[in-house]
Amino acid sequence: MPADALTLESPDGQLQLKFAVVDGKPQYALDRNGKPVVLPSKMGFTLEWRDDLAHAFVLKDRQFSTFDETWEPVWGEEARIRNYYNELLVTLEQPVGSVESMDHSTEKRPTIMQIRFRLYDDGLGFRYEFPDKIDNGKLKMENSANADHNSQLSILHSQFNALVCFWIKEELTEFAMAGDHTAWWIPGDLDTQEYNYTESRLSEIPALWEAGHKDGGWPWTAFSKTGVQTALQMRTDDGLFLNIHEAATLDFPTMHLDLIDNGKLIMDNSTDANNTSSTPDNSQFSILNSPFTFRAWLCPDATGYKGRIQAPCVTPWRTIMVCEKATDVLASRLILNLNDPCVLEDVSWIHPVKYMGVWWEMISGKSTWNYTNDFPSVKLGQTDYVHATPNGTHGANNANVRRYIDFAAANGFDGLLIEGWNIGWEDWYGKQKEFVFDFLTPYPDFDLPALNKYAHEKGIRLIMHHESSASTVNYERWMEQAYTLMNQYGYDAVKGGYVGTIIPFGEGHYSQPINNHYHYAIVEAAKHHIMVNSHEAVRPTGLCRTWPNMIGNESAMGTEFRERIKPGHTTILPFTRLQGGPMDYTPGIFEPDMGKIVTWGKKMHHTICNQLGLYVTFYSPLQMAADFPEHYEPYMDAFQFIKDVAVDWDTSVYLMAEPGDYIVTARHPKISSLNKAAEGVGTLADGKKGVISNATRFVYAIPDTVETCHGASLQNPHDVWYVGGITDENAREVTVKLDFLKPGVKYEATIYADAKDASGLPDNSEFRIQNSELKYNPYAYTITKKVVSSKSELKLRMAPCGGFAVSIRSL
Ligand code: NOJ
Ligand code: CA
């Protein structure tokens, strides 16, 4: 960077952001203690109908500031989050006449683009801002008596931006990495994030990309054979942990990254037929200071554009996390901090949810979403379901749902998801039907009012399911009625889904219009006091800080992929997918041998204790116990951990971690949100209030006889901690120091650990270690109790694909 580059330091002085305009081109670089993290990298955009936003700039203004606040999330990994950064806002101008535009606006007005940098101790965020005007006059009159006069003056002295409504062809932001780092990546894709991760050097991405792309979800739409998705986790040879992602993606396409392969331009090997933008000129646009340079790759809309923008507006933040230790990445709140504070005034109806579901039955093949096999083709409104022959395999039938309600209620859960309750599942998949569901009409064997009443009497709320089959137009058409129906019967949470080819046709899952659809669903749901958990939607970017009714997302390969999930997958997700917000991973599979359910079933790679460990290592305010009641019944002593564990925390301690290898985490529950579901948030349709879910009883081990769990827990709560550990295909022994416990207090630890002969690796697994003698035995665990204190250490062994869980209660 030139010697006169502007420099911004992080509050602790370790990170330095440099910014300069060189020959009219904006550039940034990021150093840590003087060593480059990101080499000088290009910034800007190419636009339709006018010169690009990448040259002819002059630096008009710079403003440095500092911000420090502590805020309290509605739910989260900790009760209080510090948001402390130094900021630099630069105002750049393409002077009148310096660039050309089809509408001649640049002949009359300057083009104004601002870049706002926020530098934290754990990383950088920057975004582009497009004001509609800048105030050139310094005539700021503070005197409110002259307010009218003042506003006239400010209009006189402002200059309007030549940019008003404009269309983005490419974002040119580059991330020139300073070395051939190790990376954990999934292939870039316009339609799915449901991939296993590949661990490789950056230089190996081109060679490994094809293999990485083979086993994804459906549909898949590649754009480049060097494209990867964010959050991209990297480790330098010096042991620094770098992570590129984005924050607050609203009214904008999702950003993927394209590795500029050997200096060749990203579009050279494009496989995206939709992209109509012209091939950018390498010599003009790429700085290529490093052979390991990523360029931002925005997901195009159906017409090929990558954002239709109206000033004033801002882009999402581009983020580069820089941490010394892997555990610091897990502790980072960079993405949340870069999002706006909560916009909902009343959040009393938002609460953590532990749930079960009539769901795994369909995923495993035991039962079906559809009610009948009579119709290969369904037309809603015409197809006669009343006289259809039941297929006998429909999972969402009254008796089966009651069975799940009974089990969930007896074990202290808050909710029960039921999929396949509504008509249309006979031909929902892969047919590109626009009118696929109405989200209102139950199948003949699903008595919606009666089942809700039954559930509410037992302290369970049913969780609604809205699979849109990716027909966003159809979902928007029915949304208001569908949410109203939920209010009528007392559902306060919905699981959404976007399986298939997006309708309107030509859109991908992460383009600007479709990202706007997901957001619309969240905003409309909030008006109805409904919490949302969307599957196949865009991967989150921390918007749950602003809209905390977004309690979950899938947006990654989750448990439904069964045996296709590779060992170590769940040790990577907290570094990548979970950086943007919680994931509905749906853990808790106690019968991982799917061949015991259906003949074609295969063995999943995990032990029972690995599944228990996930409830602590994976943060989500929405946690499922995904398996069948009959798969838990033989192991109720191990299931006790799932009953006990909390899902909302005031403190989280990341004890040890290495992406792809292992994670060990300890967490302390947040008392104030426990049992919120139990407080009767809102009056249920049948008039019943004060639903008791028993969460507090389980978390704090208060005896069954205590009537008002919540009150009792406040009077005399035990001090409670949970510790979880997970590992990849390698068995490990770890020593966990309990120094996070209160000194001088005696606790009882209940330790759920893999037995000596446990192994989650199927005998024919390609991941088996050569000399491994252990046979596949996912069911073998031990449960031991021990009195411990803050001075104790626990030695815990994890089997291949195993894990452990520990509940710790003060005596
Ligand atoms: C895919 C989702 O991820 C899964 O959880 C759901 O059961 C199916 N779609 C059907 O909606
Ligand atoms: Ca899915």
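Is H104 buried, partly exposed or exposed? Keep that in mind as you open the structure, which is a predicted model. We will begin at this residue, move on to the ligand, and then visit a handful of loops, one helix and two unusual peptide bonds.

**Stop 1: H104 and Q432, two positive phi angles**

Select H104, in the loop that runs between β7 (81–94) and α1 (105–108). H104 counts as partly exposed because its relative accessibility is 42%, which falls between the 20% and 50% limits. Now check the backbone: phi is positive, about 65 degrees, although H104 is not a glycine.

Next, select Q432, where you will find another positive phi in a residue other than glycine, this one near 55 degrees. Q432 belongs to the loop between β25 (415–418) and α9 (448–457). With a relative accessibility of 43%, Q432 is classed as partly exposed.

**Stop 2: ligand 1**

Now select ligand 1 and show what surrounds it. Where does ligand 1 sit? Its place is the largest pocket. There are 14 residues around ligand 1, and those that come nearest are W359, E419, E467, K495 and H535. If you colour this shell by class, you should get 6 nonpolar, 2 polar and 6 charged residues.

Turn on distances for three glutamates here:

- E419: a polar atom of its side chain is 2.6 Å from an oxygen atom of ligand 1.
- E467: an N or O atom in this side chain also has a ligand 1 oxygen atom at 2.6 Å.
- E536: here the distance from a side-chain N or O atom to an oxygen atom of ligand 1 is 2.9 Å.

How much of the accessible area of ligand 1 does the protein cover? On its own, ligand 1 has 300 Å² of accessible area, and the protein covers 96% of that.

**Stop 3: T576 and S759, two buried loop residues**

Leave the ligand and select T576, in the loop between α12 (569–572) and α13 (608–617). T576 is buried because its relative accessibility, 1%, is under the 20% limit. Add I572 to your selection: its backbone oxygen is 3.3 Å from the side chain of T576.

Then move to S759, which you will find in the loop between β35 (747–754) and β36 (781–788). What relative accessibility does S759 have? The value is 0%, so S759 counts as buried. Display L761 as well, since there is a contact to look at. A polar atom of the S759 side chain is 3.1 Å from the backbone nitrogen of L761.

**Stop 4: two cis peptide bonds**

Switch to a backbone view and select T230 with A231. The peptide bond joining T230 and A231 is cis, with omega about 0 degrees. A231 is placed in the loop between β16 (227–228) and β17 (232–235).

Now select A311 with P312. Going from A311 to P312, the peptide bond is again cis, and omega is near 0 degrees. P312 is in the loop between β21 (308–310) and β22 (313–314).

**Stop 5: pairs far apart along the chain**

For the last stop, draw C-alpha to C-alpha distances for three pairs.

Start with D328 and M656. These residues are 328 positions apart along the chain, and their C-alpha atoms are separated by 9.8 Å. D328 is part of helix α5 (residues 326–331). Its relative accessibility of 29% makes D328 partly exposed.

Continue with P341 and P548. In sequence, 207 residues separate P341 and P548, while the C-alpha to C-alpha distance is 9.9 Å. P341 lies in the loop between α6 (334–337) and β24 (353–358). At 48% relative accessibility, P341 is partly exposed.

Finish with F505 and A302. How far apart are the C-alpha atoms of F505 and A302? The separation is 7.4 Å, for residues that are 203 apart along the chain. F505 sits in the loop between β27 (493–497) and α11 (512–527). F505 is also partly exposed, its relative accessible area being 47%.

Technical notes. Residues are numbered from 1 along each chain as its sequence is written. Chains are lettered from A and ligands numbered from 1 in the order in which they are written. This is a predicted model: local features need pLDDT of at least 70, side-chain atom pairs count only at pLDDT 80 or more; totals for chains, interfaces and linings use all residues. Side-chain values use heavy atoms; hydrogens and water are left out. A residue is near a molecule or strand if one of its heavy atoms lies within 4 Å of it. A polar contact is a pair of N or O atoms within 3.5 Å; within protein, one must be able to donate a hydrogen and the other to accept it, and residues adjacent in sequence count only if both atoms are side-chain atoms. Accessible areas come from the Shrake-Rupley method with a 1.4 Å probe; for residues, only the protein chains shown count as cover. On a 1 Å grid over the protein atoms alone, a cavity is a set of points where a 1.4 Å probe fits but cannot get out, and a pocket is an open set with protein on both sides within 12 Å along at least five of seven lines; lining residues have an atom within 4 Å of a point. A molecule sits in a cavity or pocket if more than half of its atoms lie within 2 Å of its grid points. Ala, Val, Leu, Ile, Met, Phe, Trp, Tyr, Cys and Pro count as nonpolar, Asp, Glu, Lys and Arg as charged, and the others, Gly among them, as polar. Helices (H or I, at least four residues) and strands (E, at least two) are DSSP runs, numbered from the N terminus. Buried means under 20% relative accessible area, exposed over 50%, partly exposed in between (1.4 Å probe, protein chains only).
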